[in-house]
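User: I have a structure open and would like to test the labels people attach to it. Could you go through the reasoning behind them with me?

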Amino acid sequence: MPAMPSSAGARPATIFARATPPGRGAVAIIRLSGPATDAALTALTGGRDLPVARMAVVRRLVDPADGRMLDQALVLRFEGPASYSGEDAAELHLHGGPAVVAGVLDALGRLPGLVPAGPGDFTRRAVLNGRLDLTAAEAVADLVAADTAAQAGQALAQLGGRLGRMVEDWRARLIRAAAMVEAEIDFPDEDVPDGIARSVAPAILKLAAELRLALADDRSGERLRDGVVAAVIGRPNAGKSSLVNALAGRDIAIVTDRPGTTRDLIEVALDLDGVAVTLIDTAGLRDSDDPIELEGVRRARARAGTADIRIVVVDPAGIAAAGGLGALLAEAGARPGDPVVLTRRDQLGDQAVTALTATLPPGHQASAVSCVSGLGMEDFARRLSGIAADLTGGREGAMITRARHRAALEAAADGLMAAVAGLDHPVPMLELVAEDLRMAGDALGRITGRIDVEDLLDAIFREFCIGK
Ligand SMILES: Nc1nc2c(c(=O)[nH]1)N(C=O)[C@@H](CNc1ccc(C(=O)N[C@@H](CCC(=O)O)C(=O)O)cc1)CN2
Ligand SMILES: Nc1nc2c(ncn2[C@@H]2O[C@H](COP(=O)(O)OP(=O)(O)OP(=O)(O)O)[C@@H](O)[C@H]2O)c(=O)[nH]1
Ligand SMILES: [Mg+2]
């Protein structure tokens, strides 16, 4: 069970964990957070004075049980609430050898009130202590997971509050509107002007429109976070595995001159100009009486169907017999915008390339490459990276980065539209409208982790001074 700060009153456990990856390194960092942090530092430093907060000092660390020296370490102390977690906290910067780290972790584990941290516990405490909202906490996780510059850029924007601030602004406006409706319900013939509830309909409509606009992002933020999936698809022997190897710059997939070489899906992660792209090699499309190959073709089609991009690989020599590029694209399940790669450029003259690309159906662009000499490969990589960047909302990414955000925003927009419809009624049923708005506000509050009925009451009393 991960250690959690307990509810009001009780003293939360003090958590500790290695913050750097396991293994050997120049330096390894162990973090502590919780009320017993200072006591643990005193015990580990053999009773020396505590370091001044936020000032790195070198200390001999000893095992409190027997005085054995554990390391000569850099110690950094934080006084809550001015720390990452909001609690008293410390960092031990150790020599990065496995035995040193194990010795210190072991000694910490024997101290009273100290328990090993579970995954995300330091950030969880930062959220519970109001240091980070949920979207910032998610951003911390995304930043640590980021493999490419664009993924890191999107996570940093979210950590900086791009999503959290927007959602909080929407929620504040929603609460103001809801307050008017609640006021007309609760105080029908007092200080509240007639028809005040109805008067907020335009504001609610505008809010709903803003939510819908944010939602109309073609899932680009989620795509950037997860990585764009590009399936390489086409007939046997077209050169799919050769293309994958050339783009990856590594010999990943088996290449032979025998049609039907690839059967399994083979995935490789690429960083194309900062955008993460997962390239998937697939079995060549054809009928076969070999059940293994048939299963490979089935998987190829299924994966290409769910991919963000289908790279249709074509051997120019086979186009005529297949009934033209259009027929090959249809067979591959290509969609508008999917790129076409003509292989064996080394065996093809410029005129032949021009003639072939002229037969390409609209909505597609072809690149002629040689997987053997590398001719045209850079151009194609650039085109692919452009398509991937278009799908991911450019370098900064989008505001919505998770399905969780999308589901909550959709629920909120639905609630707002239901409220508008309710207000439009000849005799508005204000209780139902209020309920729709409450639902929408809760949905927004779930994004940042701030759902609080007190907010609504605060807004009512602040705006109307009905404190009788
Ligand atoms: N060594 C180390 N490096 C790290 C972290 C860390 O905890 N330790 N971080 C985390 O994982 C990130 C930095 N984030 C941090 C965020 C807030 C505070 C902090 O102490 N905030 C206080 C004081 C702010 C100030 O005045 O400098 C506060 O917000 O009140 C520390 C680190 C990345 N690098
Ligand atoms: N000269 C030349 N040969 C190529 C080129 N691309 C692929 N080949 C050759 O074509 C043959 C088939 O290549 P693969 O990459 O295995 O083709 P594939 O599409 O993966 O084939 P399957 O896995 O069977 O579907 C191999 O002998 C490659 O060396 C190219 O651009 N130029
Ligand atoms: Mg292959």
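Analyst: Happy to; what follows is a set of questions about a predicted model, each answered by setting a value against its cut-off.

User: Let's begin with ligand 2. Which residues come nearest to ligand 2?

Analyst: The shell around ligand 2 has 23 residues, and Gly239, Ser241, Ser242, Thr262 and Gly284 come nearest. To belong to this shell, a residue needs its C-beta atom within 6 Å of the ligand.

User: How do the residues of that shell divide into nonpolar, polar and charged?

Analyst: There are seven nonpolar, 12 polar and four charged residues around ligand 2. Gly counts as polar in this scheme, so keep that in mind when reading the polar share.

User: Which residues does UniProt list under "binding site" together with Ser241?

Analyst: An unreviewed UniProt entry lists Ser241 and Thr262 under that feature. The two span 22 residues in sequence, yet their C-alpha atoms are no more than 7.6 Å apart, so they gather at one spot.

User: What makes Ser241 buried?

Analyst: The cut-off for "buried" is 20 or more other C-beta atoms within 10 Å. Ser241 has 25, so the label holds. This residue lies in helix H10 (residues 240-248). Beyond its sequence neighbours, Ser241 is in contact with Ala253, Ile254, Val255, Thr261, Thr262 and Asp281.

User: And Thr262: why is it called buried?

Analyst: Thr262 has 22 other C-beta atoms within 10 Å, and 20 are enough, so it is buried. Thr262 sits in the loop between H10 and strand E8 (266-272). Its contacts further along the chain include Lys240, Ser241, Asp281, Ala283 and Gly284.

User: Ala283 is on that list. How do you know that Ala283 counts as buried?

Analyst: Ala283 has 27 C-beta neighbours inside 10 Å, and 20 would do, so it counts as buried. Ala283 belongs to the loop between strand E9 (275-281) and helix H11 (291-306). Apart from residues close in sequence, Ala283 touches Thr262, Arg263, Glu293, Gly296, Val297 and Ala300. Ala283 and Thr261 are 22 residues apart in sequence, but 7.4 Å apart from C-alpha to C-alpha.

User: Now the sheet with E8 and E9. What is the order of its strands?

Analyst: This open sheet has six strands in the order E8-E9-E7-E10-E11-E12, with mixed pairing. E8 and strand E12 (366-368) are the edge strands, as each pairs on one side only. On average, neighbouring strands are turned by 25° against each other, direction ignored.

User: What makes E8 and E9 a pair?

Analyst: Pairing requires at least two bridges. Seven bridges join E8 to E9, so the two qualify, and they run antiparallel. Glu267 has Ile280 as its bridge partner in E9, while Leu272 is matched with Val275. E8 and E9 also form a hairpin with two residues between them, and Asp273 in the turn has a positive phi of about 55°.

User: How many bridges join E7 to E9?

Analyst: Five bridges join E7 to E9, against a minimum of two, so they pair as well, and here the strands run parallel. One of the matched positions is Val232 with Asp281.

User: Why is E9 described as largely enclosed?

Analyst: Six of the seven residues of E9 are buried, so the rest of the structure largely encloses this strand. H11 lies across E7, E9 and E10, running at about 140° to E7.

User: What about the sheet with E3 and E6: why do these two strands stand at the edges?

Analyst: The strand order of this open, mixed sheet is E3-E4-E5-E2-E1-E6. Strand E3 (57-62) and strand E6 (114-116) each have a single partner strand, so one side of each is left without a neighbour in the sheet. The twist averages 30° from one strand to the next.

User: Last one: what makes Arg31 buried?

Analyst: Arg31 has 22 other C-beta atoms within 10 Å, and the label needs 20 or more, so Arg31 is buried. Arg31 lies in strand E2. The unreviewed UniProt entry places a "binding site" feature at Arg31, Glu91, Arg131 and Lys468. Glu91 is also among the contacts of Arg31, which include Phe16, Ala89 and Phe122.

Methods
Residues numbered from 1 in each chain as written. Chains lettered and ligands numbered in written order. Predicted model: local features only at pLDDT ≥ 70, side-chain atom pairs only at ≥ 80, totals over all residues. Helix = DSSP H or I, 4+ residues; strand = E, 2+ residues; numbered from the N terminus. Axes fitted to C-alpha atoms, helices over the stretch in contact; angles between N-to-C directions. UniProt positions renumbered as here; feature names shortened; annotations may be inferred. Buried ≥ 20, exposed ≤ 12 C-beta atoms within 10 Å, placed from the backbone. Contact = placed C-beta atoms within 7 Å. Lists of a residue's contacts leave out its neighbours within four places in sequence.
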